[in-house]
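Student: I'm new to this model and would like a close look at one part of it. Could you start there and then show me around the rest?

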Amino acid sequence: MYALAMLSGGCLLSHLQMKSKHVFPMRHISVPGMTVYDAIRHGIFESVKEERLEGEPLETLKWLAYEKWDQNEKSLPPFQCPHCAAEDATLPYNSETGECPGCHEELLLTDMLGFHLEMAQEAAPDSIASAYMMIHETLLLFTGVRHFWENKREMLSDCLFLKDGPLAIRAQYSKLVAPIRRFLQAAREEGIDVHIVGQEKSGAFYDHLSLIGPSAPAGHIFVPGHNYIREHIQHRPAAGAPYGKDTNYGAKVFVKINDRHQAVLNIPTGEYKSDPTATDLIGTPRIFSTLPMLLSSRYEGALFPIELANNIASLSTYPSAKVLAMFAEAHT
Ligand SMILES: [Zn+2]
């Protein structure tokens, strides 16, 4: 889910929320002519291609995977074939489907993300569903960015994209992180700051904020680097891979806006920085001059556009109230 606000003059123009509903046959279900493994692979591909959104998420996946903002036609990085497990499966530029060069079975563009790496033939773990949601959210967020990039590029820098949750993609699905970073960096070099903010409302960083926030002065931000995160937030040795290099496309930022509002935000830096500074964050001055105008008066540390989007997506209100009523009728 994400919300879109207008930066120019700091006024809130509109908000959007997109939430999709899909059903996957995880286990104890048979699909005629298909294993659960293949049924889920095809289900994921079809849902990303969904007609209700006119195939926009799939277009965005192609845009990111083939780095289509770049004039050079980039080929897809090789991935593991879901049929023969060869490591050199790939698809021709801009393709949605194709065949494995080794076993000639059908490949889907969504196979590059590696959902099949955590499934058995006749059952799938629940983590598939959360991974799918994480990917779909990312694709919807960048569908908004891509729309402005392709159709109204001059307006893109005046938009603020707000995501409920971190700007991160975990495990094998993180293949999209490097292209996202390259896009944000390329846009920045072109003089177009793409303003994206993710807000974390739970987890280790949020817990740490409640520790350091009360004694922080109002109107300040703190951008922790690799060593600080490893030692004080994750409580792990600082040695090892740079924090978040493969999985995060935003740096962590603690912000104390005033005595009532403090938050953990994620803000992209474009190319990876292990110890980012405030000036590395894309669009710092405009984001922080706009934030005070987006604060919710209902909840501490909440941003109003995200609150609005959550209200609309709430299961008990539109559009699900009708579904719940039908469910209640069917069971009485
Ligand atoms: Zn194969």
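In which helix does Ile229 lie?

Tutor: Ile229 lies in helix α7. Before we look closer, please keep in mind that this is a predicted model, in which local features need a pLDDT of at least 70 and side-chain atom pairs count only at pLDDT 80 or more, while totals for chains, interfaces and linings use all residues. Residue numbers start from 1 along each chain, as its sequence is written. Helices (DSSP runs of H or I, at least four residues) and strands (runs of E, at least two) are numbered from the N terminus.

Ile229 is buried, because 20 other C-beta atoms lie within 10 Å of its own. Buried here means 20 or more such neighbours within 10 Å, exposed means 12 or fewer, and partly exposed is in between, with C-beta atoms placed from the backbone. Leaving aside residues up to four places away in sequence, Ile229 touches Pro224, Gln234, Tyr243 and Lys252; two residues are in contact if their C-beta atoms lie within 7 Å. Tyr243 is 14 residues from Ile229 along the chain, and their C-alpha atoms are separated by 7.7 Å.

Let's stay around α7 for a moment. In the loop between α7 (226-233) and β7 (251-256) you will find His235. His235 is not a glycine, yet its phi is positive, about 55 degrees. His235 is exposed, because 8 other C-beta atoms lie within 10 Å. Ile233, in turn, has its C-alpha atom 6.5 Å from that of His208, although the two are 25 residues apart along the chain. His208 sits in helix α6 (residues 204-212) and counts as partly exposed, because it has 19 C-beta neighbours inside 10 Å.

Now let's step back to the whole chain. There are ten helices and eight strands, and buried residues make up 34% of the 332 residues. Of the contacts between residues at least 6 apart in sequence, 64% join residues at least 24 apart.

Helix α2 (56-65) is a good next stop. Nine of its ten residues are buried, so α2 is largely enclosed by the rest of the structure. These buried residues are Pro57, Leu58, Glu59, Thr60, Leu61, Lys62, Trp63, Leu64 and Ala65, and what covers them includes α1 (36-48), α3 and α5. Just after α2, Glu67 takes a positive phi of about 50 degrees.

How does α2 meet α3? Their axes are 9 Å apart and the helices pack at an angle of about 80 degrees, where axes are lines fitted to C-alpha atoms over the stretch in contact and angles run from 0 to 180 degrees between N-to-C directions. The two helices are therefore roughly perpendicular to each other; that label covers 65 to 115 degrees, while under 35 is roughly parallel, over 145 roughly antiparallel and the rest oblique. From α2, Glu56, Pro57, Thr60, Leu61, Trp63 and Leu64 meet His136, Leu139, Leu140, Phe142, Thr143 and Arg146 of α3. The residues of this contact divide into seven nonpolar, three polar and two charged, counting Ala, Val, Leu, Ile, Met, Phe, Trp, Tyr, Cys and Pro as nonpolar, Asp, Glu, Lys and Arg as charged, and the others, Gly among them, as polar.

Another partner of α2 is helix α5, whose buried residues pack against it. In α5, the buried residues are Val177, Pro179, Ile180, Phe183, Leu184 and Ala187. Gly191 follows α5 and has a positive phi, near 90 degrees. On the other side, Ala171 lies in the loop between β4 (159-164) and α5. Ala171 also has a positive phi, about 50 degrees, although it is not a glycine, and it counts as partly exposed because it has 15 C-beta neighbours inside 10 Å.

Leading into α3 (127-151), the loop from β3 (106-108) holds Asp126. Asp126 counts as exposed, because it has 9 C-beta neighbours inside 10 Å. Asp126 and Met26 are 100 residues apart in sequence and 7.5 Å apart in space, C-alpha to C-alpha.

Finally, a word on confidence. The chain averages a pLDDT (the predictor's confidence in each residue, from 0 to 100) of 87, and 86% of the residues score at least 70. Over residues 8-19, pLDDT stays under 50, and the model has 29 contacts there beyond four places in sequence. Where pLDDT is low, the predicted coordinates should not be read in detail.
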